[in-house]
Amino acid sequence: RNPMTETRSNLDLGGEWQLYMAGEGVAIPATVPGCVHTDLLAAGRIEDPFYRDRENALKWIGETAWLYRREFEAPAELQQRDAVILRCEGLDTLARVRVNGREVGRADNMFRTWEFDVRQTLLPGRNSIEVEFDPPLPYLARRQAERLFGSTGGVNQEPQGRCWLRKEPCNFGWDWGPICVTSGIWRPIRILAFDTARLRDTHIRQIHGADGSVVLRVRVNAERVGGAPLPLRAEVHVSREGRSVASQAASLNGDGAELSLPIPEPHLWWPNGMGSPSLYDVRVELRAEGREARLDHAYYRIGLRRLELIRHPDAWGESFHFEVNGVPFFAKGANWIPADTFAPRVRREDYERLLRDAAAANMNFLRVWGGGTYEADVFYDLCDEFGLCVWQDFMFACSAYPAHDAAFLANVRQEASDNVRRLRHHACLALWCGNNELEECGFATDDGANGRMTWAEYDR
């Protein structure tokens, strides 16, 4: 960070941590991002769960509480910032977070980003952070006792009640993979400090004219903090292959501004085999009027395209095909399940090898299966580059779900918001799909007895 050009700062808390099993005082070396299974494997505390039926001997991991702990140095300047936030991009799953022994927040959804205010909790110099995970399996048993829900995951040994947790469904076993019920800090964790305001959200929309013109409509929203509000300005810069093609600035009206940027001689994005997947870089900057230092910034990579699902009456009922830039095409591809049972150990080179192979096999579509996770940013970045369209499921699979529970629905609503906002700018993103095979679970016609949902619950 250059303090003369930017007021935001980051303190990455990834790296070496200590892991403790409930009832044990012995520290196990841990790596963040990661999970309990990979840490136990690295420490030689368990053997490879993929060998024969060894997964059965490791069920105790999902029945055990785990504690991650580390110490870190916090610069004294953090106390002088208007806002200091602990940002957790992936906590799996039932977590309590403490800083210097004080609880700062709780989490109960593997798929959400959690932020906790730690401005009054941090100390200059040495600090400690702990993330304690409650065991998933006893939690499911308690909730199943309240109301029984069935599932059809494909393995008889599957623990029942996984629907109660917003957690990777295939953690609990599937017809293609083992039962390895994980816990851990599975995505980055960091401290963000900033003054005055930060970018809260950017929505990039495209207006394609009949004459081939393209205009970007960029909606920028900021979150203000601190004392007297300063006038804010948003700047948007668009470039392609390192060359600037459009720029615009606008004052924020309240907390938001909308900017319109015509793109000269637009290069369109095409799926694999249909043309070049051309990409543009969009840089968004937030500034305070009259101040030189940049408050915040964000980068996006987009492709200019119209990607549409065409549904209209035909001789057989209704059509179902895709068009890109007005050209119909046949979707050729595969179902994408998680590349590893332990998601944190999938590296960029793993994603690149698999996705490059998919493109080389003449695929142009991948469906991100609803029994896994909303994939890492790098997955969608590479799909953009290789021209692989993405059919994106929400993470619901082969189960009835507790849609009668208001807290559960509120949790899901925030999960959807987090992930739609994170992914919606990607050129590859073709479709959001609600679930995987929930109709196989059957529906009750009364009050949801026998482990099923009513149709009204499914609608919710």
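Below, a trainee and a mentor talk through pockets, sheets and the core of a predicted model.

Trainee: Which helix gives the most to the lining of the second largest pocket?
Mentor: The lining of this pocket has 19 residues, and Phe-396, Val-412, Gly-434, Tyr-458 and Arg-460 lie nearest its centre. Helix 5 (406–423) and helix 6 (455–459) each supply at least two residues of the lining. With six residues, the one that gives the most is helix 5.

Trainee: How many residues in the lining of the second largest pocket are nonpolar?
Mentor: The space in this pocket comes to about 440 Å³. Its lining includes two polar and five charged residues. The nonpolar residues number 12.

Trainee: How much space lies in the largest cavity?
Mentor: The model has three cavities of 30 Å³ or more. Among the residues that line the largest cavity are Cys-35, Asp-92, Trp-186 and Phe-342. Its lining divides into six nonpolar, three polar and two charged residues. The space in this cavity is about 50 Å³.

Trainee: Which strands stand at the edges of the sheet with the order 15-16-19, and why is one side of each left without a neighbour?
Mentor: This sheet is open, has three strands and is paired in the antiparallel sense. Each edge strand has a single partner strand, so one side of it has no neighbour in the sheet. The edge strands are strand 15 (197–208) and strand 19 (256–263).

Trainee: By how many degrees are neighbouring strands of this sheet turned against each other on average?
Mentor: The strands in question form the open sheet with the order 15-16-19. With direction ignored, the average turn between neighbouring strands is 20 degrees.

Trainee: What is the bridge partner of Asp-201 in strand 16?
Mentor: Strand 15 and strand 16 (residues 214–224) run antiparallel and are joined by 11 bridges. One of the residues with a bridge partner in strand 16 is Asp-201. That partner is Asn-221.

Trainee: Which residue in the turn between strand 15 and strand 16 has a positive phi?
Mentor: The two strands form a hairpin, with five residues between them. The phi in question is about 90 degrees, and the residue is Gly-212.

Trainee: Which residues of strand 9 are on its covered face?
Mentor: In a regular strand, side chains alternate between the two faces of the sheet. Strand 9 (residues 114–117) has Glu-115 and Asp-117 on its uncovered face. The covered face has Trp-114 and Phe-116.

Trainee: Which residue in strand 9 is the bridge partner of Leu-86?
Mentor: Strand 5 (residues 83–88) pairs with strand 9 in the antiparallel sense, over four bridges. The partner of Leu-86 in strand 9 is Phe-116.

Trainee: From which element does the largest share of the largest nonpolar core come?
Mentor: This core has 41 residues, and Leu-355, Phe-379, Cys-383, Leu-388 and Val-390 touch the most other members. Elements that give two or more residues to the core include helix 2 (136–146), helix 3 (348–360) and strand 28 (365–368). The largest share is six residues, and the element is helix 4.

Trainee: Is Trp-66 buried or exposed?
Mentor: Trp-66 has its place in strand 4 (residues 66–74). Its relative accessible area is 1%, and the cut-off for buried is under 20%. Trp-66 is therefore buried.

Trainee: What distance separates the C-alpha atoms of Trp-66 and Ile-207?
Mentor: Along the chain, Trp-66 and Ile-207 are 141 residues apart. In space, their C-alpha atoms are separated by 50 Å.

Definitions and conventions. Residues are numbered from 1 along each chain as its sequence is written. This is a predicted model: local features need pLDDT of at least 70, side-chain atom pairs count only at pLDDT 80 or more; totals for chains, interfaces and linings use all residues. Side-chain values use heavy atoms; hydrogens and water are left out. On a 1 Å grid over the protein atoms alone, a cavity is a set of points where a 1.4 Å probe fits but cannot get out, and a pocket is an open set with protein on both sides within 12 Å along at least five of seven lines; lining residues have an atom within 4 Å of a point. Grid points are joined across faces, edges and corners, and a volume is the space filled by probe spheres set on the points. Ala, Val, Leu, Ile, Met, Phe, Trp, Tyr, Cys and Pro count as nonpolar, Asp, Glu, Lys and Arg as charged, and the others, Gly among them, as polar. Two strands pair if DSSP finds at least two bridges between them. Axes are lines fitted to C-alpha atoms, for helices over the stretch in contact, and angles run from 0 to 180 degrees between N-to-C directions. Buried means under 20% relative accessible area, exposed over 50%, partly exposed in between (1.4 Å probe, protein chains only). A nonpolar core is a set of buried Ala, Val, Leu, Ile, Met, Phe, Trp, Tyr and Cys residues joined through side-chain atoms within 4.5 Å.
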